[in-house]
Each structure stands twice: as structure tokens, then as C-alpha cells.
Amino acid sequence: MDPRAKLLITIAYIVMLFFVDYFVVYAFIAVLLLVVIFLSKVPLHKVLRSIKAVLFLLIFTFILTIVFNQGQGEEAEIAKFGWYAHWGIFTVCGSGLLLGGKLICRLLLLVLGPTMLTFTTTPVALTDAVEYLLTPLKWVKVPVHAFAMIMSIALSLIPGLMEETTKIMNAQKARGASFDHGNIFKRAAALLPVLIPLFVSSFKRSDDLADAMDSRCYRGAKGRTKMKVLKFRLIDYLAMLLTVALFFFILMLFYNWWGFAWINIILVA
Amino acid sequence: MAVEIKDLSYVYNPGSPFETRALDNVTLNVDDGDFFGIIGHTGSGKSTLISHLNALTRVQKKKKLNASAVLRVCGIDLTAKKPDLKSVREKVGMVFQYPEYQLFADTVRQDVAFGPKNLKLGEEEINKRVREALALVGLDYAEVSERSPFDLSGGQKRRVAIAGVIAMRPELLILDEPTAGLDPRGKKEILALLHSIKRTCPTIIMVSHNMDEVAACCNKVAVMSGGKIAGVFPPKELFARRELISSLGLELPTVTELAFELAESGLDIDPSALGEEELTEAIAAQFRNK
Ligand SMILES: Nc1ncnc2c1ncn2[C@@H]1O[C@H](COP(=O)(O)OP(=O)(O)OP(=O)(O)O)[C@@H](O)[C@H]1O
Ligand SMILES: [Mg+2]
């Protein structure tokens with residue numbers, strides 16, 4: 001697929017999630033996402049691993065919402081769910097649980113969608129897409145090409161930087177430095193002997209890179225052609241159309257256009 | 001014995017498609033007082049091996065891997081679950097490839113003092129060691145100590161970095177290609193410096209690609225190939241085995257190469273001659289006899 005289409009769809013997907021208010025719709029989106037994962041042939045466990053990074057955040061938000069949500073119309077609450085616990089300022093009640101559950105669904109889907117984007121798209125393709133989509137800004141004299149270039153260079157330097165960091169950390173460790181002792185201030189101070197050489201070598205590297213680009217006659221965007229021209233294909237149009245339809249459907253539910261709220265009733269029931 | 005290694009293996013990225021066996025049942029002994037050389041082509045596992053020696057890389061224990069491995073450095077058993085890392089780092093000094101990239105402090109003096117400071121030494125002792133270390137690497141304390149290490153030349157930076165390691169007074173000094181990227185004169189100076197360091201730090205291990213250096217400095221040389229030790233020889237013996245050297249994709253020292261060529265073209269000399277002087281003497285003797 002075209003990276004531009006993927007990027008647009010992902011953005012729409014993120015916005016969309018903020019308008020969803022029903023578990024059924026979350027489930028529906030989750031199923032769609034599963035289909036996407038299946039079609040992309042990315043191993044499921046790899047995708048799920050990305051959740052691990054935000055697991056703490058998830059649990060934390062869940063507990064907070066549950067504990068601090070007091071619910072409205074308590075009697076109704078008790079009548080509806082028949083369960084209510086109160087403990088100091090902490091309250092566990094049905095509506096809190098509901099809200100917490102929704103938040104979790106939203107966050108999970110929020111993480112998984114863009115994960116799929118990064119798993120299936122190379123950073124270079126992504127910057128290309130960004131550059132293309134930001135083209136309108138060129139008319140107000142924003143150097144879009146330069147931004148895209150900066151982004152792709154930064155992305156390509158990250159692995160080298162990581163390697164450099166381990167190297168320097170090892171060197172300082174060999175000189176008796178320790179990075180996992182003492183309080184937070186001590187640890188921050190211990191990082192200085194790593195950060196300074198890292199900065200020095202990064203500046204040197206960027207100097208070298210600039211020289212290399214100059215000596216290959218890089219002059220910015222003017223008259224620069226692309227080796228891989230981006231092209232929308234049928235599948236891109238189809239996917240975008242589907243996304244628009246889904247978005248429309250969700251907005252419809254949310255704002256109750258044309259009295260379509262009756263669908264809600266079916267969905268909730 | 002300074003270093004005792006037995007059946008040590010190491011696998012990068014085990015279980016993934018990028019699995020690489022960097023060390024394969026390595027067995028190696030380095031005696032106290034050795035100037036020990038390690039040679040081998042790129043990717044043969046030299047750096048991985050030496051990073052085991054100060055516990056930057058820990059002995060891998062997985063299933064059968066390293067079940068009977070022995071790794072003992074300066075009397076410390078590094079196969080233990082929690083070896084005393086602090087005393088390992090104190091006893092084993094490690095100079096990495098391009099050590100100048102580890103410089104960070106405002107002044108040369110502070111940078112060299114970083115190691116001793118981490119050893120929690122007293123102010124006076126630290127100052128003493130900094131002076132001593134800078135003198136050992138041939139830098140003038142008065143001239144460089146208050147300068148920024150980033151203003152020095154490449155060769156000077158490298159000396160400061162080496163000083164930073166020997167200021168910790170290690171029992172065992174390990175250098176990974178200490179002369180890489182220097183001009184011939186810089187190389188010579190670093191080698192001369194190693195000889196003077198040898199007096200304070202008795203055991204040195206040096207990884208090198210340069211056979212001339214190995215021939216000139218080391219009393220024992222281990223040859224690595226594909227994560228294995230292909231053999232440990234005194235340099236003279238090693239460079240007499242021309243086939244072994246070339247089969248491993250390595251080169252002979254220039255002097256030895258020349259001696260071999262001369263011997264092949266009919267001169268009656270021992271081709272394993274190592275020093276320039278040795279060779280000239282042998283050639284001269286030939287002509288004297290005629
Ligand atoms: N961080 C790493 N991750 C994965 N594989 C690695 C890593 N470091 C080294 N290797 C692999 O392990 C093997 C041994 O590498 P090592 O760095 O020990 O070689 P070397 O003999 O020091 O080479 P050189 O002479 O180029 O410094 C190589 O095949 C290398 O590709
Ligand atoms: Mg190496």
C-alpha cells in the first residue's frame with residue numbers, strides 16, 4: 001500500500017477512537033484491526049509485545065478511573081449494577097468500571113493502530129508520505145522538504161547512536177563508573193560522562209554528514225526527483241473509502257444525526 | 001595465572017535468525033608477566049573475548065551452553081552469579097578501540113582522575129596517580145593537565161584516554177587495537193609507551209591487526225578464527241608457519257615476509273627472523289662467509 005494512504009488512515013483511526021463510546025464498536029474496530037494484522041502477515045506476538053511498553057500506564061489509568069469515579073445518581077447506580085463499595089475517598093462503582101473499561105479499550109487500540117503502521121512501513125517511506133502530505137504548507141513558505149530530510153536523517157542515525165551509547169557506557173563502566181547505584185541525582189550525574197562524548201561525536205558526525213552531502217551536490221528540494229515515485233493504487237482508494245465510511249458511521253452514532261440513536265439502543269441492549 | 005579460560009562460548013542473539021556464535025569453546029591461559037597478543041581477522045571474536053575479561057560481557061548460561069566453562073581473571077571467578085564487579089574493574093584495565101571517544105571532562109586532569117575517583121581514593125592519591133599516568137604516556141603534566149581534552153590532537157587524545165585507564169593501576173591491562181587509525185609515527189610512539197607501561201603493569205593483552213606490532217611487542221600470540229583459538233605460539237614460531245598465517249587470511253610481518261622471499265631466492269637465512277636488526281645481521285653474516 002501507499003504510505004500516504006496508510007498514514008492518512010492511521011490519523012483518521014486515531015481521531016475516530018475518540019468518538020467511540022460503546023464496547024460493541026470497540027469490539028468491531030478490534031476485529032477490523034485483527035483482520036489488518038492478519039493480512040499484513042506481521043506475527044501477532046510481535047504486535048502484542050508493543051502493549052507491554054504501555055501496560056503500566058494502562059493498569060494505572062484503569063485503577064485511577066475506577067477508584068476516583070463517584071458515579072452519578074448513586075441509587076440508580078446501585079439499582080442497576082447492585083454493587084457499590086465505598087472506602088474513604090475511594091469509590092468503586094459500576095459507572096467507574098464502565099469508564100475504566102472504555103478507557104482501556106481506547107488506549108489499547110490507540111497503541112496498536114500506529115504500531116501496525118510502523119511495522120509495515122519503512123521510516124523512509126513514512127517521511128516521504130509526511131513530506132507529500134505537508135506539501136500545502138510549501139505555499140506559505142514552510143521548508144517542508146528540509147523538515148522531511150531532517151526527519152529521515154534523524155531516523156537513520158538512531159541505530160548508530162544506540163550503538164555508540166553502549167560503547168561509551170561500556171568504556172566508562174570499565175573505568176569504574178556505575179549507572180545503577182545511588183539516588184536519582186547521583187544517577188543523573190553518572191550519565192554525564194556518557195552524554196558528553198555522545199554529543200561530541202554526534203556533532204562531529206553531523207559535520208561529516210553535511211560535508212558528504214555538500215560534496216555530492218545536495219542543494220535541497222529544488223529540482224530534486226524521486227527514485228521511488230509514490231502512486232495511489234486501487235487498494236489504497238478502497239481502504240481510504242472504507243475508513244471514511246467507518247468514521248462517518250461512528251460520528252453518526254456519536255452525534256445522533258438523523259435520529260440514528262436507535263442503533264445505540266440496539267447496540268446497548 | 002592472570003587469565004584462565006576454559007570452554008568458553010558466546011552466542012549473540014540466541015534463538016533469532018541473527019544468531020552468531022562469536023566464541024566457540026575457547027580455552028586460553030595468560031600467565032603473569034605476559035605481553036600477550038591476540039590476532040585474527042575481522043569478526044573472529046577478539047573483542048567479544050576480551051569484553052568477557054572485565055565482565056562487561058557476562059558468561060552466557062543457557063541450557064548446555066557454558067555448563068563447564070571456567071573464566072578466572074586475576075583470581076576472580078567470573079562464572080559466579082554475582083562476581084565482585086568493582087574489584088574486577090579495579091584490577092582489569094580496558095582500553096577500547098578508539099578510546100578517545102570516551103573523553104568527557106573539562107580538563108585532561110579531571111578526565112584522567114575519573115577512574116581513580118570511582119575507586120574512592122583520597123584527593124592526594126588521585127593527584128599523584130594522574131601525574132604518574134600522564135608521565136607514563138609521555139605527556140607533560142604542566143602543559144596539558146588544564147587543557148580541554150577535546151583541543152588535543154588525535155594521538156594526544158588517545159594517550160590521555162590510555163592514561164585514564166592506567167591511572168587506576170590495573171594488574172592486567174587489555175588494549176583493543178591501540179594503534180588503529182594513527183599514522184606510522186603515532187603507532188611507534190604508542191608501542192614505545194606500552195613498553196614503558198609494562199614496567200608498572202606487568203601483564204598486558206593486546207588485540208591487533210598489525211603483525212609488525214605483534215612481532216615487536218608480544219612474547220605469546222593467540223590466533224583466533226571463527227570464534228575458536230587456532231593456536232598459541234611465541235611470535236617467532238607463529239610467523240615461521242607461513243601457511244597457517246595465510247590460510248587464516250592474515251599477513252606476515254614485513255620483515256618476516258622479506259626474509260622468506262630472500263630465503264626462497266637462495267639466501268641461507270632463517271626466515272622466521274623477526275627484528276630488522278636480526279635480519280640485517282643474518283644477511284650480513286651470509287656475505288661475510290662468502
Ligand atoms: N552486538 C552484537 N550483536 C550481534 N552480533 C555481534 C555483536 N558484536 C559482534 N557480533 C558478531 O560476533 C562476531 C565476533 O565479533 P567481534 O566484535 O568479537 O569480532 P572482532 O574479532 O573483534 O572483529 P574486529 O577485528 O573487526 O574488531 C562477529 O561475527 C560479529 O558479527
Ligand atoms: Mg573488535
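Here are a few worked exercises on this predicted two-chain model.

**Exercise 1. Find which residues have the most contacts inside the largest nonpolar core, and which helix gives the largest share of that core.**

Step 1: The core has 50 residues, and those with the most contacts inside it are I39(B), V112(B), L134(B), L173(B), I197(B) and L238(B).
Step 2: Now for the helix: α6 of chain B, residues 154-166, gives the largest share, with six residues.
Step 3: Zoom in on L238(B). Skipping neighbours within four places in sequence, L238(B) is in contact with I39(B), V221(B), V223(B), F233(B), L244(B) and I245(B).
Step 4: Don't stop there, since another core of 35 residues lies apart from this one, with L53(B), L56(B), M94(B) and L172(B) among its members.
For background, nonpolar side chains tend to be buried together in soluble globular proteins.

**Exercise 2. Describe the contact between chain A and chain B, and pick out the salt bridge across it.**

Step 1: Count heads: chain B puts in 16 residues and chain A 15 residues.
Step 2: Look at the area. About 1,400 Å² is buried between the two chains, and carbon and sulfur atoms give 66% of that.
Step 3: The rule finds one salt bridge across the interface. The partners are D111(B) and R175(A), at 3.2 Å from N to O.
Step 4: On the chain B side, helix α3 (residues 108-118) gives the largest share, four residues. By class, that side has nine nonpolar, five polar and two charged residues.

**Exercise 3. Work out whether each partner in the K228(B) and D24(B) salt bridge is buried or partly exposed, then do likewise for R158(B) and E100(B).**

Step 1: K228(B) and D24(B) have their closest N and O atoms 3.0 Å apart. The pair links strand β10 with strand β2 of chain B, 204 residues apart.
Step 2: Buried means under 20% relative accessible area. D24(B), at 16%, is therefore buried, while K228(B), at 44%, is partly exposed.
Step 3: R158(B) and E100(B) also meet at 3.0 Å, N to O. R158(B) sits in helix α6 and E100(B) in the loop between β6 and α3, 58 residues apart.
Step 4: R158(B) is buried at 1%, and E100(B) is buried at 15%.

**Exercise 4. Say which parts of chain B the R109(B) and E146(B) salt bridge ties together.**

Step 1: The closest N and O atoms of R109(B) and E146(B) are 2.9 Å apart.
Step 2: R109(B) lies in helix α3 and E146(B) in the loop between α5 and α6, so the bridge ties together parts 37 residues apart in sequence.
Step 3: Salt bridges that share partners also join E125(B), K128(B), R129(B), E132(B) and R169(B) into one network.

Key
Residues numbered from 1 in each chain as written. Chains lettered and ligands numbered in written order. Predicted model: local features only at pLDDT ≥ 70, side-chain atom pairs only at ≥ 80, totals over all residues. Heavy atoms only, no water. Core = buried A, V, L, I, M, F, W, Y, C linked by side-chain atoms within 4.5 Å. Buried < 20%, exposed > 50% of the residue type's maximum accessible area, 1.4 Å probe, protein only. Helix = DSSP H or I, 4+ residues; strand = E, 2+ residues; numbered from the N terminus. Contact = heavy atoms within 4.5 Å. Buried area = accessible area lost by both parts, 1.4 Å probe. Salt bridge = Lys/Arg side-chain N within 4 Å of Asp/Glu carboxyl O. Nonpolar A, V, L, I, M, F, W, Y, C, P; charged D, E, K, R; others polar.
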